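Thanks for making time this morning; I would like to walk you through one model, starting from its metal sites and moving outwards to the helices. Please have the sequence and the structure open while I talk.

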Amino acid sequence: MARQELIDGLNKALNREVTTFLRYLLQGAQIKGAQWESVRQMYVEEVADEVGHAQYLAAKIVMLGGTPTLNPDLSAPPQDVSAMLKNDISEEHKDVAHYLHLAELADQDGLADLKMKMEEQAADEATHAETMQRLLG
Ligand SMILES: [Fe+2]
Ligand SMILES: [Fe+2]
């Protein structure tokens with residue numbers, strides 16, 4: 001049933017966001033060295049964006065009659081800064097694809113506001129990936 005598929009997809013996105021902001025929080029704390037200072041700042045600043053995405057998703061799951069269920073991936077992030085950036089670019093691209101899928105499901109369910117918000121969050125993640133690509137060189 002479409003509504004349950006949508007709620008499950010939103011819960012998956014919520015867990016990806018919580019996993020992401022925990023990882024960015026750690027990476028923003030962990031990076032040292034003047035040559036990587038702009039990367040450290042980027043992680044510090046992006047935590048708030050990802051928290052905002054997670055807050056929106058959790059509230060929307062409740063309003064659609066679901067339950068937000070947290071089970072984030074707590075594995076340790078890479079130590080090497082280039083490896084961090086490559087990993088996060090790849091994860092941000094996965095988020096873009098998942099949000100575009102959720103936008104389609106929301107559209108099929110007649111939820112225009114959610115469709116637009118999922119497209120907006122897809123655009124945010126695409127911008128994050130592009131920022132990281134710029135920093136990676
Ligand atoms: Fe996000
Ligand atoms: Fe992101």
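Let me begin with the iron ion (ligand 2), whose donors follow the spacing E-x41-E-x32-E-x2-H along the chain. Donors here are N, O and S atoms within 2.8 Å of the metal (3.2 Å for Na, K and Ca), and since water is not among the atoms, sites may look incomplete. The iron ion (ligand 2) is coordinated by E50 (OE), by E92 (OE) twice, by E125 (OE) and by H128 (ND1), at 2.0 to 2.3 Å. E50 lies in helix α2 and E92 in helix α3, residues 81-108, so this pair ties together parts of the chain that are 42 residues apart in sequence. Helices, I should say, are DSSP runs of H or I with at least four residues, strands are runs of E with at least two, and both are numbered from the N terminus.

Before going further, a word on conventions: this is a predicted model, in which local features need pLDDT of at least 70 and side-chain atom pairs count only at pLDDT 80 or more, while totals for chains, interfaces and linings use all residues. Residues are numbered from 1 along each chain as its sequence is written, chains are lettered from A and ligands numbered from 1 in the order in which they are written, and side-chain values use heavy atoms, with hydrogens and water left out.

Which residue bridges the two iron ions? That residue is E50, and the iron ion (ligand 2) and the iron ion (ligand 1) lie 3.9 Å apart. Turning to the iron ion (ligand 1), we find it coordinated by E17 (OE), counted twice, together with E50 (OE), H53 (ND1) and E125 (OE), at 2.0 to 2.3 Å. Its donor residues are spaced E-x32-E-x2-H-x71-E in sequence. Here the pair of E17 in helix α1 (residues 2-30) and E50 in helix α2 (residues 37-63) links distant parts of the chain, 33 residues apart.

Are these glutamates buried or exposed? E17 is buried, at a relative accessible area of 1%, and E50 is buried with a value of 1%, whereas E92 counts as buried at 0%. Buried means under 20% relative accessible area, exposed means over 50%, and partly exposed is in between, using a 1.4 Å probe and protein chains only.

Now to the packing of the helices. The axes of α2 and α3 come within 14 Å and cross at roughly 25°, where axes are lines fitted to C-alpha atoms, for helices over the stretch in contact, and angles run from 0 to 180 degrees between N-to-C directions. That makes α2 roughly parallel to α3, given that angles under 35 degrees count as roughly parallel, over 145 as roughly antiparallel, 65 to 115 as roughly perpendicular and the rest as oblique. Among the residues that meet across this pair are E50 and H53 in α2 and E92 in α3, contact meaning heavy atoms within 4.5 Å.

Helices α1 and α4, the latter covering residues 112-136, pack at an angle of about 30° with their axes 14 Å apart, which makes α1 roughly parallel to α4. Their contact is made by L6, L10, E17 and Y24 of α1 with L114, M118, Q121, E125 and M132 of α4.

Finally, K60 sits in helix α2 and is buried, with a relative accessible area of 17%. Leaving aside residues up to four places away in sequence, K60 touches L10, D113 and L114.
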